[in-house]
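Visitor: I am in my first year and would like a close look at a single part of this structure, its nonpolar core. Could you take me through that part slowly, together with the strands and the helix around it?

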Amino acid sequence: MKTDAKFLIKLAIFIVMLLIITIDAFVIQYMKKKLDNITIISWQDSTMIKVSPKAIKEPTVLVSQEFIDKFNDYKSPFNDGMNFNELIEKYIHNRWADHYGCGRGTAEKKRIHEGIDLFVTENTPVYPLADYGIITEVSDNPHFLVEVDYKTKDSSVHQMKIEYGKTVRILYPEGIESIYTHLNEVFVVAGQEVNGNTVVALTGLTGNIKNSGKASHLHLELRDSNNKSFDPRDRLRFNQGSLKFFLEHLNMGE
Ligand SMILES: [Zn+2]
């Protein structure tokens, strides 16, 4: 009787293990079939190549065309449906000094205006430039400093800090960041995920704006994944570097 019970227990364990192995085999087959539905078209050494997902050895992120299309266009920071050309026309009033790239600084320390100055009413709410963003930097300090490049007379490039005032920096899926400065109030914290309808701050009068005697405005700056500013009217397409920069900040979940 006792040996019979032992045998039955052993048999039951054996059956359960057999069942687990069989289920696993089916799951593996199912996953393999799923992988067959994916084709990766890539580019290597000036040639188009097809890569089977089964041949991939490193962690790989696939980005859909819908995602790329979605984040290749920017919204207005005021959530009013305008594009950048329209914003510049409406809020800059064609003053050269408020455009991107115009001269700043002195003959010894030549720098450029790293963004555009949009003259809107003080305390105008500002929103992210896309429907998804990650807050990468926030400062509630009215004297907050941001690093910019300058050139000396011999054309060598150095870095200096400029008083931007209260600042919000947002990273978008395209791997670029927007910097909003001279803000009166900020409503977000670093690391926060935001969407196109999140009010991140109010425009204002903080930072070096007072020395320049300028009216309240939003200084809007775009920077690429190498932290270099570029003209907001220029488009920066998704590329490996920019996407990698975005993914470093994205919480992928486990
Ligand atoms: Zn400015």
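Guide: What follows is a walk through the core and the elements that contribute to it.

Please keep in mind that this is a predicted model. The chain is divided into domain 1, which covers 2–55, and domain 2, which covers 73–249, and the C-alpha centres of domain 1 and domain 2 lie 50 Å apart.

The largest nonpolar core has 29 residues, and those with the most contacts inside it are V168, I170, Y172, Y180 and V200. Two or more residues of this core come from each of α3 (84–92), β5 (116–118), β7 (133–139), β10 (166–171), β11 (177–183) and β15 (218–223). As background, nonpolar side chains in soluble globular proteins tend to be buried together.

A good place to begin is β11, where seven of the seven residues are buried, so that β11 is largely enclosed by the rest of the structure. If neighbours within four places in sequence are left aside, Y180 is in contact with P77, V126, T167, V168, A201, L218 and L220. One of these contacts, V168, also stands opposite Y180 in the pairing of β10 with β11, and these two strands run antiparallel and are joined by five bridges. As general background, strands of a sheet pair through backbone hydrogen bonds, either parallel or antiparallel. Between β10 and β11 there are five residues, the two strands forming a hairpin, and in its turn G175 has a positive phi of about 90 degrees. β11 also pairs with β15, again in the antiparallel sense and over five bridges, and within that pairing E177 has R223 of β15 as its bridge partner.

From β10 we can move on to β7, since β7 and β10 pair in the antiparallel sense over five bridges, with L171 in β10 as the bridge partner of I134. Five of the seven residues of β7 are buried, and β7 is therefore largely enclosed by the rest of the structure. β7 has a further pairing with strand β13 (residues 193–194), which is antiparallel and made over two bridges; here the bridge partner of G133 is V194 in β13.

The helix α3 adds another side to the picture, for its buried residues are F84, L87 and I88. These three cover an arc of only 100 degrees around the axis, which puts them on the same side of α3. The face turned away from that buried side carries the exposed residues N85, E86 and E89, while β5 is included in what covers the buried residues of α3. Just after α3, H93 takes a positive phi of about 60 degrees.

One more group of strands deserves a look, which is an open sheet of three strands in the order β6-β14-β12, with antiparallel pairing. In this sheet β6 (125–126) and β12 (185–186) stand at the edges with a single partner strand each, so one side of each is left without a neighbour in the sheet. β12 is joined by two bridges to β14 (residues 201–202), the two running antiparallel, and E185 stands opposite L202 in β14.

To return to the core itself, Y180 and V168 are both among its residues with the most contacts, and they stand opposite each other in the pairing of β10 with β11, so this pair of strands is a useful place to start when you look again, with β11 largely enclosed by the rest of the structure.

Note on methods:
Residues are numbered from 1 along each chain as its sequence is written. This is a predicted model: local features need pLDDT of at least 70, side-chain atom pairs count only at pLDDT 80 or more; totals for chains, interfaces and linings use all residues. Domain bounds come from an automatic or database domain assignment. Two strands pair if DSSP finds at least two bridges between them. Helices (H or I, at least four residues) and strands (E, at least two) are DSSP runs, numbered from the N terminus. A nonpolar core is a set of buried Ala, Val, Leu, Ile, Met, Phe, Trp, Tyr and Cys residues joined through C-beta atoms within 7 Å. A residue is buried if 20 or more other C-beta atoms lie within 10 Å of its own, exposed if 12 or fewer, and partly exposed in between; C-beta atoms are placed from the backbone. Two residues are in contact if their C-beta atoms, placed from the backbone, lie within 7 Å. The arc is that of the directions from the helix axis to the C-beta atoms.
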